[in-house]
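User: Please take a close look at one part of this model: the salt bridges. Then set them in context.

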Amino acid sequence: MIDQTYFDLRMTYQQFGQKLTISISELAKFWSISTKQVKRRLRAYEEQKLLHYYPGQGRGHLTQIIFQSSFRDEVIMEMKQAIVTEDTITIFYLLKLSVPASWLASFRGNLTNFLGIQTYSENKRVLRQLATRPITTLDPVQVAIRREYQLVLQLGDTLVQFDEGLKAGLAHHWQSNNDATVWTFYLRKGVRFHNGKTMTAVDVKRTFERVRNEVGESYWQLVNLVDIILLADDIVQFKFSAPEPLFVRYVVDAKYVIVDCDVEFDEIHWVGTGAFQVTESTDTTFKLAAFDDYYGLRPMIDEVVYYLVDDWKVVSGLLNPADHGNHDYVKKKHTFPGAEFIISNLKRPTIIQQPFVRSALYHVIDTRVYDGIGGIPASHYDSRDSAVRRDKTLAQAQKKIKSSELSRGAYRSSYVITFKRS
């Protein structure tokens with residue numbers, strides 16, 4: 001493990017080369033320690049043959065430090081050792097240093113190959129990835145960011161899944177009565193949680209009760225829920241005071257991932273039935289391991305490791321598109337389900353109050369003409385029910401603006417509207 005205290009010193013004063021003349025009091029301020037501790041630390045570094053320490057003799061005389069090696073050689077030596085031992089803390093620390101890129105250029109292939117999928121003895125496959133933002137929450141009820149939402153669905157399962165249509169999840173079958181006020185789910189038998197416990201209808205009931213407690217009884221998906229009845233260990237029934245024809249579609253959401261009701265809920269290490277389970281969660285590393293007793297197909301990857309690096313320069317430097325190490329990468333575009341909205345506050349006296357301005361925005365915002373956005377215009381979530389006008393033009397937008405109060409001087413001093421399409 002690298003001595004970051006020593007390297008911080010070399011990084012800060014690297015312009016002085018291998019010979020540094022400095023006062024003990026300045027070093028004490030730099031390291032935020034006492035002058036006695038500074039002297040003790042310098043002697044320790046001298047014993048490690050990192051430097052020669054010559055104390056200043058008498059008041060006003062400065063201390064002289066002569067480093068044994070150049071800073072460049074030390075950085076390269078530490079990086080070599082870190083790669084061999086897979087010391088990721090040292091690797092990412094060194095990559096953050098403001099040193100010439102040429103110093104570490106020769107390691108780019110090694111570092112790139114370190115990421116991605118690697119196969120070790122006994123055919124263990126490990127996927128390593130970088131993340132610039134730490135995990136904020138893995139609480140199924142609270143999760144909102146896409147990456148964390150997908151992680152939750154790897155750690156646990158819902159009663160029903162959605163993949164180009166509804167399909168069996170923890171429930172192998174489900175049905176409702178004629179008016180959709182009663183929904184019955186038939187659970188798979190023998191499904192195990194990460195702790196070895198077998199899942200039952202009790203876990204399903206308590207999971208939904210937890211969701212309702214967290215989101216509130218007035219939550220629109222559960223507002224009509226009257227009771228959850230356990231008909232058997234593997235049969236659970238939901239009763240509603242009003243028809244809920246879309247309830248089976250609601251339960252595919254990550255907030256309804258089933259958790260072990262006998263274990264106190266832990267936001268990071270909660271116990272689910274998913275294909276992966278959390279084995280490590282620190283400020284620098286988040287690690288998942290395949291769950292061997294998963295009821296579905298076991299993952300082909302045995303371990304997934306996220307290294308949390310809070311410096312985008314490190315990530316962009318490693319993932320240089322012109323240098324992929326020994327991997328043959330193929331660029332692919334992925335279209336994610338969802339919708340884009342423009343939301344405004346109509347209660348505030350702003351330019352958006354003008355109906356002609358809103359109409360002009362309708363004509364300007366057309367995903368078909370913007371590069372890199374993709375998707376299609378829609379008036380409904382289901383494309384089969386979507387009716388989209390095809391007469392959007394900039395000329396129409398300009399006409400609407402001319403018809404608005406903007407043409408008569410209102411708001412002109414505060415807003416500039418420019419219409420441009422690439």
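Analyst: The salt bridges come first, then the sheet, a helix and the cores.

This is a predicted model: local features need pLDDT of at least 70, side-chain atom pairs count only at pLDDT 80 or more, and totals for chains, interfaces and linings use all residues. Residues are numbered from 1 along each chain as its sequence is written, and side-chain values use heavy atoms, with hydrogens and water left out.

Side chains of opposite charge can pair when their charged atoms come close. A salt bridge here is a side-chain nitrogen of Lys or Arg within 4 Å of a carboxyl oxygen of Asp or Glu. The count by this rule is 16.

Five residues form a network of such bridges: Lys197, Asp203, Arg206, Asp260 and Asp262. Take Lys197. Its salt bridge with Asp260 has closest N and O atoms 2.7 Å apart. Lys197 sits in the loop between β9 and α8, and Asp260 in the loop between α9 (247-250) and β12 (276-281), so this pair ties together parts 63 residues apart in sequence. Helices (H or I, at least four residues) and strands (E, at least two) are DSSP runs, numbered from the N terminus.

Lys197 also forms a salt bridge with Asp262, with closest N and O atoms 2.8 Å apart. Asp262 belongs to the loop between α9 and β12, and Lys197 to the loop between β9 and α8, so this pair ties together parts 65 residues apart in sequence.

How exposed are these side chains? Buried means under 20% relative accessible area, exposed over 50%, and partly exposed in between (1.4 Å probe, protein chains only). Lys197 is partly exposed at 22%. Asp260 is buried at 4%. Asp262 is exposed at 56%.

Elsewhere, Arg298 pairs with Asp302 in a salt bridge, the closest N and O atoms being 3.0 Å apart. Arg298 is partly exposed at 36%. Asp302 is buried at 18%.

Arg212 makes a contrasting case. It lies in helix α8. Arg212 is buried yet has no salt bridge, and the nearest side chain of opposite charge, Glu217, is 5.1 Å away. Lys and Arg count as positive, Asp and Glu as negative; His and the chain ends are not counted. Neighbours within four places in sequence aside, Arg212 is in contact (heavy atoms within 4.5 Å) with Glu217, Leu222 and Leu225.

Helix α8 spans residues 201-215 and lies across β9, β10 and β11 (235-240), at about 165° to β10. Axes are lines fitted to C-alpha atoms, for helices over the stretch in contact, and angles run from 0 to 180 degrees between N-to-C directions.

The strands belong to an open four-stranded sheet, ordered β8-β9-β11-β10, with antiparallel pairing. Two strands pair if DSSP finds at least two bridges between them. β8 (171-176) and β10 (225-232) are the edges, each with a single partner strand, so one side of each lacks a neighbour in the sheet. The twist averages 15° from one strand to the next. Five bridges join β8 to β9 (residues 182-187). Gln175 has Thr184 in β9 as its bridge partner.

Now the cores. A nonpolar core is a set of buried Ala, Val, Leu, Ile, Met, Phe, Trp, Tyr and Cys residues joined through side-chain atoms within 4.5 Å. The largest has 43 residues, and Phe7, Leu42 and Leu97 have the most contacts inside it. Helix α4 (residues 71-85) gives the most to this core, with five residues. A second, separate core of 31 residues includes Val141, Ala180, Phe247 and Tyr250.
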